[in-house]
Amino acid sequence: MTWSILLLPGDGIGPEVADAGRQVLDRLVERTDLDLAFENGLIGGAAIEETGSPFPQATRDAATKADAILLGAVGGPQWTALAGDKRPEAGLLALRSALGVYANLRPIHVRSEVVDLSPVKREIAEGTDILFVRELTGGLYFGDKGVLEDGAYDTCRYSRLEIERVVRIAADLARTRRGKITLVDKANVMETSRLWRRVTEEIIEADYHDLELEILLVDAASMHLITRPRDFDVIVTENLFGDILTDEASVLTGSIGLIPSASIGAETTGLYEPVHGSAPDIAGQNKANPIGMIESIAMMLELSLGLPREAQAVREAVTLALADCRTADLGGTASTSHMANTILEHLDQCLDRV
Ligand code: NAD
Ligand code: IPM
Ligand code: MN
């Protein structure tokens, strides 16, 4: 079977890490019986420059047809003056919404090889293995918003269904891991959070009583993530809290440049993107860490293409490469392309072993 993969490099370091990702995919095609058909598309600032829209119709059409989408990053200082719905970021939000990918999986795994690069002490960070399940198509991001004469507003709305479906995904994943799920909310202040709490408690009580449910307020959770990160297994939370907490948690691993994500939902197309942004401060310098993108490919192999062994080979190649060299965000001097080549060198042997 031929899988169709849509590549959306986007802006800033997006094209640099997407290139590295493409090389990994090409190598997999060369070395296994994997058959991939690639298409390239425009999103974000790059799409604005070419077409005037951050999410052109051609990208929408290609996205709904693809089996999986790999996205670099969007945004940059050149587009900050644009109105909200015209900005590069609006293109990414429209893509997520069009695909219906309501569950964004963001694994935070502290590798023992780089644990000393964590700003948090080894005895606290070591062994951390958290899976965030961030709600991705609702909440403040998608509620009514507007600019008033002397103000502005964003509204947060969640339906029962929007909460239930993402909590079920988180609970199913917790069952395959250590059996604990933590809900992060702001139920002492927000009505939507009180609904999240009620719905989550009902679902866990009715269908997942084998799981341990922990509930934390978001302000305290942001502290516990740093003081006792190993205690967490699966964390489920609304869109905005998930965005913020995953950037925070990423530093436990040494760099945001290491963190991948998978966005899934009811439809078959999965969206895979590193958690980091377009990093304008290092864009165009061949300095970006490509590992978040390459680990996103491992998630794609596993979740969209049903190839867990190949996914494992990619992850092992990354681990081996990290012993040889590192990009600047991890204190090394390797360029993006050198890091990618080192991963490719290891990938050959890792594929032979799986
Ligand atoms: P950012 O994640 O782009 O960068 C934050 C810091 O992390 C920077 O110092 C950057 O150099 C560093 N960094 C990020 N990725 C790295 C990598 N792979 N290797 C090495 N260092 C890396 O966040 P920001 O600066 O707040 O945002 C810049 C732009 O990116 C904004 O326009 C924002 O909207 C956008 N953004 C896009 C996405 C996405 O497309 N998914 C995600 C986050 C931010
Ligand atoms: C992310 C980004 C996006 C988000 C932006 C660029 C819209 O920060 O993927 O984490 O907030 O979801
Ligand atoms: Mn973010």
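1. Let's start with one contact in this predicted model. A polar atom in the side chain of D243 lies 2.9 Å from an oxygen atom of ligand 2. Taken on its own, ligand 2 has 320 Å² of accessible area, and the protein covers 79% of that. When you open the structure, D243 and its oxygen partner on ligand 2 make a friendly place to begin.

2. Two arginines also reach ligand 2. In the side chain of R96, an N or O atom is 2.7 Å from an oxygen atom of ligand 2. For R106, a polar side-chain atom lies 3.0 Å from an oxygen atom of the ligand. Try finding each of these pairs on your screen before reading on.

3. Which residues surround ligand 2? They are E89, L93, R96, R106, R134, Y141 and D243. Sorted by class, this shell has two nonpolar residues, no polar ones and five charged ones. Do not be puzzled by Y141 here: tyrosine is counted as nonpolar in this scheme. Helix α4 provides the largest share of the shell, three residues.

4. Where does ligand 2 sit? Its place is the largest pocket, which has a volume of about 770 Å³. The lining of this pocket is made of 30 residues, and R87, E89, A90, L93 and Y141 are the closest to its centre. Elements giving two or more residues to the lining are β3 (68-73), α4 (88-99), β6 (145-148), β7 (151-154) and α9 (239-250). A general remark may help you picture this: rolling a probe the size of a water molecule over the atoms shows where empty space is left.

5. Helix α4 deserves a second look. With six residues, α4 gives the most to the lining of the largest pocket, and the largest share of the shell around ligand 2 also comes from α4. The whole pocket lining, by class, holds 14 nonpolar, five polar and eleven charged residues. The shell around ligand 2, by contrast, divides into two nonpolar, no polar and five charged residues.

6. Now for the other ligand. Around ligand 1 there are 21 residues, of which V74, E89, G277, A279 and D281 come nearest. You have met E89 already, as one of the residues that surround ligand 2. The shell of ligand 1 is made up of ten nonpolar, seven polar and four charged residues.

7. What holds the polar pairs with ligand 1? From V74 a polar backbone atom takes part, 2.8 Å from an oxygen atom of the ligand. D281 uses its side chain instead, with a polar atom 2.8 Å from an oxygen atom of ligand 1. In H276, a polar side-chain atom lies 3.4 Å from a nitrogen atom of ligand 1. Alone, ligand 1 exposes 810 Å², and the protein buries 69% of this area.

8. Next, look at the backbone of A279, one of the residues that come nearest to ligand 1. A279 has a positive phi of about 40 degrees although it is not a glycine. You will find A279 in the loop between β12 (270-272) and α10. N286 lies in the loop between β12 and α10 too, and its phi is also positive, about 60 degrees, although N286 is not a glycine.

9. Finally, there is a second pocket to explore. The second largest pocket has a volume of about 650 Å³. Its lining counts 20 residues, and the closest to the centre are P107, R177, M299, E302 and R315. Two or more lining residues come from each of β4 (103-109), β5 (129-135), α10 (291-303) and α11 (308-324). Helix α10 supplies the largest share, four residues. By class, this lining has ten nonpolar, four polar and six charged residues.

Terms used. Residues are numbered from 1 along each chain as its sequence is written. Chains are lettered from A and ligands numbered from 1 in the order in which they are written. This is a predicted model: local features need pLDDT of at least 70, side-chain atom pairs count only at pLDDT 80 or more; totals for chains, interfaces and linings use all residues. Side-chain values use heavy atoms; hydrogens and water are left out. On a 1 Å grid over the protein atoms alone, a cavity is a set of points where a 1.4 Å probe fits but cannot get out, and a pocket is an open set with protein on both sides within 12 Å along at least five of seven lines; lining residues have an atom within 4 Å of a point. Grid points are joined across faces, edges and corners, and a volume is the space filled by probe spheres set on the points. A residue is near a molecule or strand if one of its heavy atoms lies within 4 Å of it. A polar contact is a pair of N or O atoms within 3.5 Å; within protein, one must be able to donate a hydrogen and the other to accept it, and residues adjacent in sequence count only if both atoms are side-chain atoms. Accessible areas come from the Shrake-Rupley method with a 1.4 Å probe; for residues, only the protein chains shown count as cover. A molecule sits in a cavity or pocket if more than half of its atoms lie within 2 Å of its grid points.
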